[in-house]
Amino acid sequence: MDPDIPVCVARELTKTFETYHRGPASRLAAEFAERPPRGEIVLLVGGVNAPRATR
């Protein structure tokens, strides 16, 4: 995985303590290695836009 790919860790969605952590994968991996997330999380990973097919 590209260490600079953008990611978002969304935590406790639809709850009072909902949080979002955004940044490059390498930075968030380092942050969560020090303080693992608690509760339910959703991991969103940025992708590459593929060129559209032309007719």
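**Salt bridges around Lys15 and in helix α1**

Let me begin with Lys15, which is partly exposed, its relative accessible area being 38%. I should say at once that we are looking at a predicted model, and that a search of the whole structure finds 3 salt bridges in it.

Which residues does Lys15 pair with? One partner is Glu12, where the closest N and O atoms are 3.3 Å apart, and another is Glu40, where the closest N and O atoms are 2.9 Å apart. Lys15 sits in the loop between β1 (6-11) and β2 (19-24), while Glu40 sits in the loop between α1 (25-34) and β3 (41-45), so this pair ties together parts that are 25 residues apart in sequence.

The two partners of Lys15 can also be described by their accessibility: Glu12 is buried, with a relative accessible area of 14%, whereas Glu40, at 53% relative accessibility, counts as exposed. Taken together, Glu12, Lys15 and Glu40 are linked in a network of salt bridges.

Let me now turn to helix α1, where Glu31 forms a salt bridge with Arg27, and the closest N and O atoms of that pair are 2.7 Å apart. How are Glu31 and Arg27 placed in the helix? They are 4 residues apart in helix α1, which means that about one helical turn separates them. As for accessibility, Glu31 is partly exposed with a relative accessible area of 28%, and Arg27 likewise counts as partly exposed, at 38% relative accessibility.

Definitions and conventions:
Residues are numbered from 1 along each chain as its sequence is written. This is a predicted model: local features need pLDDT of at least 70, side-chain atom pairs count only at pLDDT 80 or more; totals for chains, interfaces and linings use all residues. Side-chain values use heavy atoms; hydrogens and water are left out. A salt bridge is a side-chain nitrogen of Lys or Arg within 4 Å of a carboxyl oxygen of Asp or Glu. Buried means under 20% relative accessible area, exposed over 50%, partly exposed in between (1.4 Å probe, protein chains only). Helices (H or I, at least four residues) and strands (E, at least two) are DSSP runs, numbered from the N terminus.
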